[in-house]
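Colleague: I would like a close look at one part of this model, followed by a walk through its interior. Please take your time over the answer.

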Amino acid sequence: NSFNYLKSKEFDKAKAATDAAAENESTKGSAKMWMYRGHIYRAIFQDTSAKVRNIDQEAEEKSLEAYMNCLKIDLAENAKSPVYKEDVKGPVVISAAAVNRKGKWYGGNKQFDKAIKCYDLVETALIYDFDQGMKRNNITKEKLLYNKFEMFAGAGDIPKMQEYADKLISINYKDPKIFIHMTNIMLGQKDTVKAIAYIDKGKKLFDDNMDLVNLEINIYLAQGKSAALKEKLQTAISLNDNEILHASLATIY
């Protein structure tokens, strides 16, 4: 019934039928049922009509969950020759990308618990990225970690923000905004020791980033340590002679 309703674009009836099938003892273990369910919820969130999209506010998440359940069952039952893998490996990428976007939308609307759920769901789906479609869409474990960092930054959750910043730094995630954000956060908390520590870590990767350079200059000048800063810059120039460091030294003079 759910499949037939989908073909005739009776999405409300298709949703009701697939919701029932997902709970029914005789069908909830069926890979085919989960594939149909994924198709139904994908059709709902991809429809151009707001009326259809409003049938279910979590259609993206439910579609991805359904595709993952389909593949999980299929690969367990038919490990040597999966039945549904070829039909689902493309749609699972589409739904993962949609859920990833939904996570950012939730974060922007301060629904942080739902955003985390989305990012966790997409991370779980990475094992089904058979043809690297998610990776080509910049959906990776590292990028999802960064998304969570940005979300906690937007939420103003400093402990979580610091936790995820440190995780990103530990895996050498290359984005200067991590160090800039955390330096400003530490300065806001009057913790210049940690602020300078983030600057030092950041400059090891981005020695020509003017935002980091200016933050460092302002901290040292505020502390009355211009002599120490001149020495620090002269040492840096001896190791990496570039125009940014000379410009910084000129600013100090």
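Where does Lys 9 lie, and what do the pockets, cavities and core look like beyond that part?

Modeller: Please keep in mind that this is a predicted model. Lys 9 sits in the loop that runs between α1 (2-7) and α2 (11-23). With a relative accessibility of 63%, which is over the 50% cut-off, Lys 9 counts as exposed. Its C-alpha atom is separated by 56 Å from that of Lys 203, a residue 194 positions away along the chain.

Turning from that loop to the openings in the protein, the largest pocket has a volume of about 310 Å³, and of the 16 residues that line this pocket, Lys 104, Tyr 119, Asn 147, Glu 150 and Met 151 are the closest to its centre. Three helices, α6 (85-108), α7 (112-125) and α9 (141-155), each supply at least two residues of that lining, with the largest share, six residues, coming from α6. Sorted by class, the lining of the largest pocket holds eight polar and five charged residues, together with three that are nonpolar.

There is also an enclosed space to consider, since the count of cavities of 30 Å³ or more comes to one. The largest cavity has a volume of about 40 Å³, and its lining is made up of Glu 58, Glu 61, Tyr 106, Lys 114, Lys 117 and Cys 118. Helix α7 gives the most to this lining, with three residues, and by class the lining of the largest cavity has four charged residues, two nonpolar ones and no polar ones.

Cys 118, which is one of the residues lining that cavity, has a relative accessibility of 1% and therefore counts as buried, the cut-off being under 20%. Cys 70, at 0% relative accessibility, counts as buried for the same cut-off. As for pairing among cysteines, the count of disulfides comes to zero; a disulfide is a covalent bond between the sulfur atoms of two cysteines.

Cys 70 also leads into the packing of the interior, because it is one of the residues that Val 88 touches, alongside Met 35, Tyr 67 and Leu 71, when residues up to four places away in sequence are not counted. Val 88 in turn is among the residues with the most contacts inside the largest nonpolar core, a group that also includes Leu 64, Val 92, Phe 149 and Ile 178, and this core has 56 residues.

Terms used
Residues numbered from 1 in each chain as written. Predicted model: local features only at pLDDT ≥ 70, side-chain atom pairs only at ≥ 80, totals over all residues. Heavy atoms only, no water. 1 Å grid on protein atoms, 1.4 Å probe; cavity = no way out; pocket = protein on both sides within 12 Å on 5 of 7 lines; lining within 4 Å. Points joined across faces, edges and corners; volume = space filled by probe spheres on them. Helix = DSSP H or I, 4+ residues; strand = E, 2+ residues; numbered from the N terminus. Nonpolar A, V, L, I, M, F, W, Y, C, P; charged D, E, K, R; others polar. Disulfide = S-S within 2.5 Å. Buried < 20%, exposed > 50% of the residue type's maximum accessible area, 1.4 Å probe, protein only. Core = buried A, V, L, I, M, F, W, Y, C linked by side-chain atoms within 4.5 Å. Contact = heavy atoms within 4.5 Å.
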